[in-house]
Every structure is written in structure tokens, then in C-alpha cells.
Amino acid sequence: MKIHLPNSAWLGNIDPFLRSIDFSKPETLNVTADKKWISVHPMILAIIASLAQTVPKGNILCEPFEARSAHYFERMKLFHFLGVNSDTPVIEHDPSGRFVPLTQIKNSEELSAFVEEASPLLHLESHYSESIRYIVSELLRNVIEHSESPQGAFVAAQYYPKSNTIRIGIADTGIGIRTSLAHSHKTQDDISAIRLALMPGITGTTRRDGGTTENAGAGLFFIKSIAAVNDDFFVIYSGNGFFKLLKQNISGSRKQRNKLHSDPFDDRHSMYADMPTWNGTAVGIDMALDDHEAFSTLLNDIRNTYGHAVRERKKARYKKPLFI
Amino acid sequence: MITILLQPLVRDFAENKDIARDIREKTLMPALARADKITIDFAGVNGATQSFIHALISDALRKYGSDVLEHIIFRNCNDTIRVIITIVTEYMQES
């Protein structure tokens with residue numbers, strides 16, 4: 001496998017980077033990088049770290065990064081999870097207020113500890129950290145419960161003061177969304193599975209309305225909705241399917257601008273069904289902190305959309321009277 | 001009347017579904033089976049995930065229907081937790 005870290009790859013322009021990944025020869029991993037400057041989203045770090053765990057030790061090649069920003073990758077623990085020595089001299093600073101380095105989460109206890117420790121690292125006011133820890137917690141729990149990845153999840157986050165944005169990336173090398181959903185929902189391809197997974201009340205554990213005792217199929221819909229209401233980027237990549245929630249950018253009042261949809265294809269988005277196949281699931285989200293709704297207000301909007309979608313789905317199954 | 005204090009179990013954020021399952025199986029469902037009333041006290045808990053609340057109460061709603069909400073009292077919930085509990089109780093009653 002070959003990955004080249006480009007000069008710049010954020011959620012807005014992550015598509016060409018993902019297309020450039022060469023997943024052939026999965027027994028080796030060769031990581032190269034732009035020589036001058038590397039500036040990438042934490043989702044990319046999570047993808048590389050989780051991919052590295054699938055390759056036998058000694059089969060990872062990573063040339064020394066020459067770019068001036070190389071020290072960033074040392075501090076984000078990328079080289080640690082690649083198992084290579086970067087030769088990059090770094091003075092470790094207290095990371096408070098800036099980033100959450102790559103962290104591997106394999107079970108519920110590690111998840112709870114991470115959620116508790118990560119929020120203070122980002123030094124955010126409580127009304128911001130509320131939605132962030134919600135999103136991170138639900139995404140990581142999805143991996144632990146549904147991915148069947150022995151490596152668990154990789155997560156990283158970074159606060160960018162200039163844009164006042166938190167960028168979060170989570171990746172796993174598990175069974176992917178389509179296989180996970182297939183226990184209860186057959187889909188024709190990965191992008192159809194992603195679409196279904198983002199709808200309210202769809203879970204891989206059952207077809208029954210209301211879900212099981214443990215799962216309702218609401219988690220990803222909530223997260224996509226939080227991103228949509230707040231006008232944030234949200235990317236989900238699994239198999240060869242790729243969905244990107246774009247900034248909604250519609251003029252009008254905030255409510256009209258960010259009207260929630262139960263079908264993600266009704267949101268402003270881009271998608272592909274022919275990406276290089278990622279055996280697992282990777283998610284990226286950007287959260288601009290300037291203009292966020294109060295979390296409870298936002299949840300009330302989600303509540304209305306969720307209830308409507310569940311009622312409509314139920315109604316669609318009603319038997320119709322026969323008229324002659 | 002049984003009261004469950006969540007904060008000592010989940011600290012300030014209720015997200016661990018293993019804890020929700022333990023409460024459900026060991027305290028909530030047995031109490032409901034005895035027709036006891038139960039109070040779930042969120043004092044000191046600032047947030048909760050939908051997954052946690054679902055794992056905690058959906059089984060009770062499925063088994064006993066909406067009448068069970070006369071036997072479960074949610075105390076000291078902030079606005080966020082109230083909305084999440086409302087969402088779960090609504091979709092379970094509609095399912």
C-alpha cells in the first residue's frame with residue numbers, strides 16, 4: 001500500500017487524497033510526504049495509523065519527513081503508530097488547548113477514559129465540548145460495537161484558533177458499514193449502505209422499529225444532523241463509498257438554511273461509489289465554534305425530524321384499502 | 001421507591017452503555033417487575049448520549065408500554081438530557 005501526504009488535505013478537498021491511496025499489496029505500507037509543507041486533517045492521520053496496524057512489523061516504510069511541519073506528525077504520534085523512528089527533534093509541549101494526539105481505543109473502558117480526558121485537552125467552553133464529546137463518544141462506540149476490528153478505533157483531533165474550528169478524525173479497519181448493516185439490511189453497494197446508516201432508526205442489529213435493547217440506529221443520524229444544523233463538514237468513507245455533507249449555504253433564516261433531512265441524499269452533499277476500497281470506516285468532522293446552536297435546541301430539531309421520519313416509515317408499511 | 005444516583009456511576013457524562021445495561025438489568029427491570037416506582041437522578045450529570053438513554057430505558061418501554069413512564073421518574077435533568085430522554089421515549093412509543 002502507498003500513501004502520499006500532500007501539501008494540503010482537509011475535508012473540503014480530501015477526495016483527491018483518498019483517490020490517490022494505493023491499497024494494493026496490503027502486506028506492505030509505504031508512507032511518503034510533500035517535501036515543503038504538509039497540512040492534513042486528523043481523519044487522514046487516523047486512516048494511516050489504523051492501516052499501519054494491519055501490516056506486519058518491519059513492512060512499513062516511511063521516509064523521513066523533510067517538510068517544516070514534520071514535527072506536527074511526531075507530536076500527533078503518527079510515527080509512534082507507524083512504528084518508525086522519525087528522527088524529528090521535537091520539544092514536547094503541554095498539548096492543552098490545541099490537540100488530541102492519535103489514540104487507539106479498543107474497548108468501552110478506554111472510550112470512557114478518552115472522552116473524559118480529551119475534552120479538557122481542547123480547553124473549550126462547556127457548551128462547545130458538549131456536542132464534541134457527544135459526537136466522539138457515539139462514533140467511537142459504533143466502532144467498538146459494530147466494526148469487529150481487532151485494532152479498535154483510531155481518533156485524533158485538532159483545534160484551529162484561526163478558524164475557531166475543531167477537526168476530528170476517526171478510523172477503523174473493521175468490516176465496514178455495508179457488512180455491518182447486512183445482518184438486517186441488504187444494500188446494493190457501499191454508498192447505499194452509507195445512505196441507509198445515516199437515516200434515523202436503521203441499525204445492523206435488527207429490522208424492528210425501535211431497534212434492540214442495545215441499539216436504535218440513531219447515532220449516525222444524530223451526528224450528521226448536528227453537523228448539518230451547524231453548517232459543518234462531515235465525511236464518511238467505507239468500502240468504496242464516500243459521502244460528504246457540504247456546508248448547506250442556502251440563503252434564508254437559520255432554520256430554513258439548515259433544515260434537517262432524514263435522507264442524507266436530500267442534504268447538500270457530494271458522494272462517490274468508486275473510491276479505492278477502504279476496508280473499514282473512516283469519519284471526519286469539522287466543527288466551527290463561532291455560530292453553534294445551543295445543544296438542547298439542536299437536539300429538539302433532531303427530535304422533530306426523527307419522529308417524523310419514523311412515523312413516515314411506519315405509514316409506508318400500512319396496508320392500503322382495495323378500491324374497485 | 002428506588003432511587004438510582006447516576007453521577008457516581010457515570011461521572012458527568014452518561015455514555016457508557018455497559019453501565020446502562022447493568023442498571024437496566026440489575027435495578028430498573030427488577031424494580032418494574034415488582035411494580036415499584038423508580039427515580040433516576042441525573043444530579044451532577046451534564047450530558048448523556050442517545051445510545052446510553054436507549055440502553056437504559058428502551059427495554060422497559062418495549063416490555064411495559066408507555067404506562068411504564070408513570071413508574072420511572074427522571075430527576076435533575078438539564079435541558080439536553082430532557083430532550084434526549086424525550087426523543088427515546090417518543091420513538092419507542094411510536095415503534
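**Exercise 1. How many residues does each chain bring to the contact?**

Step 1: chain A puts in 35 residues and chain B puts in 31 residues. Contact here means heavy atoms within 4.5 Å.

Step 2: about 2,700 Å² is buried between chain A and chain B, with carbon and sulfur atoms giving 49% of that. Buried area is the accessible area (1.4 Å probe) that two parts lose on being put together, summed over both.

Step 3: Arg133(A), Thr213(A) and Glu214(A) supply 21% of the area that chain A buries against chain B, more than any other three residues.

A word on the model: it's predicted, so local features need pLDDT of at least 70 and side-chain atom pairs pLDDT 80 or more, while totals for chains, interfaces and linings use all residues. Residues are numbered from 1 along each chain as its sequence is written, chains are lettered from A and ligands numbered from 1 in the order written, and side-chain values use heavy atoms, leaving out hydrogens and water.

**Exercise 2. Is H6(A) mostly covered or mostly exposed?**

Step 1: find H6(A), which covers 126–147. Helices are DSSP runs (H or I, at least four residues), numbered from the N terminus.

Step 2: check the length. H6(A) has 22 residues and reaches 30 Å from first C-alpha to last, close to the 32 Å expected. That expected span is 1.5 Å times one less than the number of residues.

Step 3: count the buried ones (under 20% relative accessible area, 1.4 Å probe, protein chains only). They make up 17 of the 22 residues, so H6(A) is mostly covered.

Step 4: look just past the helix, where Glu148(A) has a positive phi, near 55°.

Key
Helices (H or I, at least four residues) and strands (E, at least two) are DSSP runs, numbered from the N terminus. Buried means under 20% relative accessible area, exposed over 50%, partly exposed in between (1.4 Å probe, protein chains only).
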